Amino acid sequence: MFENLNWWEIGALLLLALLIFGDRLPNVINDGLRMVRNLRNMARNATGDLSRELGTDIQLEDLHPKAFIRKHLLSEEDEQAIRKPLQSMYDNLRSDVTGVHDELKDVAKAADLRTPTPRPAVATPTATPTTPPAPRPSYDDAT
């Protein structure tokens, strides 16, 4: 939960909490911990009630609808029978999206003004001096 915070930021948050709540800070922490305990007990009771009603052992992780259906309502054969037509549709859709993505990359590469395009070679007489080509407009100038 606090993996993005360093020790200075955590200390600043604690100091801010102390300034906001003052003498009530221990009571606020105690109330927060009591609320977390009550939520855990409610979840434990709900899983116990579901286990008794369904006649099977249910863990808290099993309450996710997909996991619940997979574990308690479908057999492996049923799951494969449902997955097979959907898998082919998924594969077809994925190949179509990949093709569109590749075409968009090609169009973006062709329209990119930053990359120099090859110019056809024109025979120039050696007696006339060549002038350097005009600078190409940048992408920022085009937008």
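## Burial and the overall fold

A residue counts as buried when its relative accessible area is under 20%, and Thr-47, with a relative accessible area of 9%, is therefore buried. The structure described here is a predicted model, and every value given below should be read with that in mind.

Taken as a whole, the protein has five helices and zero strands, so that, in the words of the definition used here, its secondary structure consists of DSSP runs of the helical kind. Read along the sequence, these elements follow the pattern α-α-α-α-α. Of the 143 residues in the protein, buried residues make up 6%, while the accessible surface comes to about 13,200 Å², with 62% of that surface belonging to carbon and sulfur atoms. Among the contacts with a separation of 6 or more, 11% are accounted for by residues that stand 24 or more positions apart.

## Helix α1 and its ends

Helix α1 covers residues 7–21, and its length can be checked by a simple piece of arithmetic: at 1.5 Å a residue, its 15 residues should span 21 Å, and the C-alpha atoms at its ends are indeed 21 Å apart, which agrees. At the N-terminal end, α1 is capped by Asn-6, which has a side-chain oxygen 3.1 Å from the backbone nitrogen of Trp-8. At the other end, α1 is followed by Gly-22, a residue with a positive phi, near 60°.

## A nonpolar patch on the surface

Five residues, namely Leu-13, Leu-16, Ile-20, Phe-21 and Val-28, make a nonpolar surface patch of about 420 Å². Helix α1 gives the most to this patch, contributing four residues. Phe-21, one of the residues in the patch, lies in helix α1, and because its relative accessible area is 31%, Phe-21 is classed as partly exposed.

## Helix α2 and its buried residues

Helix α2 covers residues 25–54, and the same kind of check can be made for it: at 1.5 Å a residue, the 30 residues of α2 should span 44 Å, and its end C-alpha atoms are 44 Å apart, which agrees. Just after α2 comes Gly-55, which takes a positive phi of about 75°.

The buried residues of α2 are Leu-25, Thr-47 and Ser-51, and these buried residues pack against α1. Thr-47, which is found in helix α2, also has a polar atom in its side chain that lies 2.8 Å from the backbone oxygen of Arg-44.

## Two salt bridges in α2

Side chains of opposite charge can pair when their charged atoms come close. A search of the whole structure finds two salt bridges, and each of them can be followed residue by residue.

In one of the salt bridges, Asp-31 is joined to Arg-34, with the closest N and O atoms 3.0 Å apart. Because Asp-31 and Arg-34 are three residues apart in helix α2, about one helical turn separates them. Asp-31, at 42% relative accessibility, counts as partly exposed, and Arg-34, at 40% relative accessibility, also counts as partly exposed.

The other salt bridge is formed by Arg-52 and Asp-49, for which the closest N and O atoms are 2.2 Å apart. Arg-52 and Asp-49 are likewise three residues apart in helix α2, which means that about one helical turn lies between them. Here the two partners fall into separate classes of exposure, since Arg-52, at 63% relative accessibility, counts as exposed, whereas Asp-49, with a relative accessible area of 39%, is partly exposed.

Methods
Residues numbered from 1 in each chain as written. Predicted model: local features only at pLDDT ≥ 70, side-chain atom pairs only at ≥ 80, totals over all residues. Heavy atoms only, no water. Salt bridge = Lys/Arg side-chain N within 4 Å of Asp/Glu carboxyl O. Helix = DSSP H or I, 4+ residues; strand = E, 2+ residues; numbered from the N terminus. Buried < 20%, exposed > 50% of the residue type's maximum accessible area, 1.4 Å probe, protein only. Patch = residues over 30% accessible without salt bridge, like charges linked within 9 Å, V, L, I, M, F, W, Y side chains within 5 Å. Areas by Shrake-Rupley, 256 points an atom, 1.4 Å probe, with all protein chains shown as cover. Expected span 1.5 Å × (residues − 1). Contact = heavy atoms within 4.5 Å. Polar contact = N/O pair within 3.5 Å; in protein donor to acceptor, adjacent residues only side chain to side chain.
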